[in-house]
Amino acid sequence: MAASKPAFFTVLIGDFCRRLKMPTAFVDKLRGTPPCKCVLRGPNGQSWNVALEERESGLFFCKGWRKFVKYHCLEEGDFLVFHYTGKLKFDVTIYDESACEMDLEVSKRRSLADGSSDQVMSGKAVIEETPTGLTVFQSRNSCFMKTLETFRRYDLTIPQKIVKAEGLKGHMSLTLRDPEERSRIVETDVTVDKRLKLTKGWCQGCREFNISIGDKVVFEFVKPNVIQLHIFRGKDVLLSGPKVVDSSNYRQI
């Protein structure tokens, strides 16, 4: 029976973002190897060079550790297992508060849900792609997403929560702006069931902005009555942020 790999675990508490102490009992297994740096391999297989620093209180993961924490969106209470593979290399497994193993895509969703990105805090949208190919759109502004279908080329409904949050009225003009900073004025109208929809100017805007059937379009309210369009073609998109509406329902009318 093959011997198992040496391993240790730790629960993240306190000032874990800056440095992390290696258990003293485990340090003994590294004797004979200069404790200057190591390699951490995360759940998705990506490797990180992290400096090891010996202090009076023990051996710590230091320089490079903060990047590992930020990339994997680690939080207080997360449970990490370090499997030692030799030559100062570790395979790291991450478990969240549910006691389930956490992959990178889940951690990114968790991080984006609280609007923790510096860019997002400043009001700028952030678009990232996870290793699994999922595109994550994060904004602190009111936003929603629609998949363009044939009937939506002529009018498109704005979710009620957005209408209330942005103080939109029945008949008004809105400015649409595409990624290339082209703009188009569109008119709104009220449906029989009191919903607000984009009407006059929307179809022309689709043509001018090269929006095709099947494209996913994120509508982000960046200023009063100004909507920034973000157009995604052939991608799976997840919306995240405090004012996101219908982020998981691409087909809601």
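Here are three short exercises on this predicted model, each with a worked solution. Residue numbers start from 1 along each chain as its sequence is written, and side-chain values use heavy atoms, with hydrogens and water left out. Local features need pLDDT of at least 70, side-chain atom pairs count only at pLDDT 80 or more, and totals for chains, interfaces and linings use all residues.

**Exercise 1.** Work out which strands sit at the edges of the eight-stranded open sheet.

*Solution.* Start with the ground rules: strands are DSSP runs of E, at least two residues, numbered from the N terminus, and two of them pair if DSSP finds at least two bridges between them. Next, write down the order, β11-β14-β13-β12-β16-β15-β10-β18, with mixed pairing. Then look for strands that pair on one side only: those are β11 (156-158) and β18 (244-245).

**Exercise 2.** Describe how β12 and β13 pair.

*Solution.* Take the ranges, 173-177 for β12 and 183-190 for β13. These two run antiparallel, with five bridges. For a concrete spot, Ser 173 stands opposite Glu 187 in β13.

**Exercise 3.** Is Tyr 154 buried or exposed, and what does Tyr 154 touch?

*Solution.* First, place the residue: Tyr 154 lies in the loop between β10 (143-147) and β11. Now apply the cut-offs: buried is under 20% relative accessible area, exposed over 50%, partly exposed in between (1.4 Å probe, protein chains only). Tyr 154 has 54% relative accessibility, so it counts as exposed. Finally, list the contacts (heavy atoms within 4.5 Å): setting aside neighbours within four places in sequence, Tyr 154 meets Leu 198, Thr 199, Trp 202 and Cys 203.

Notes:
Helix = DSSP H or I, 4+ residues; strand = E, 2+ residues; numbered from the N terminus.
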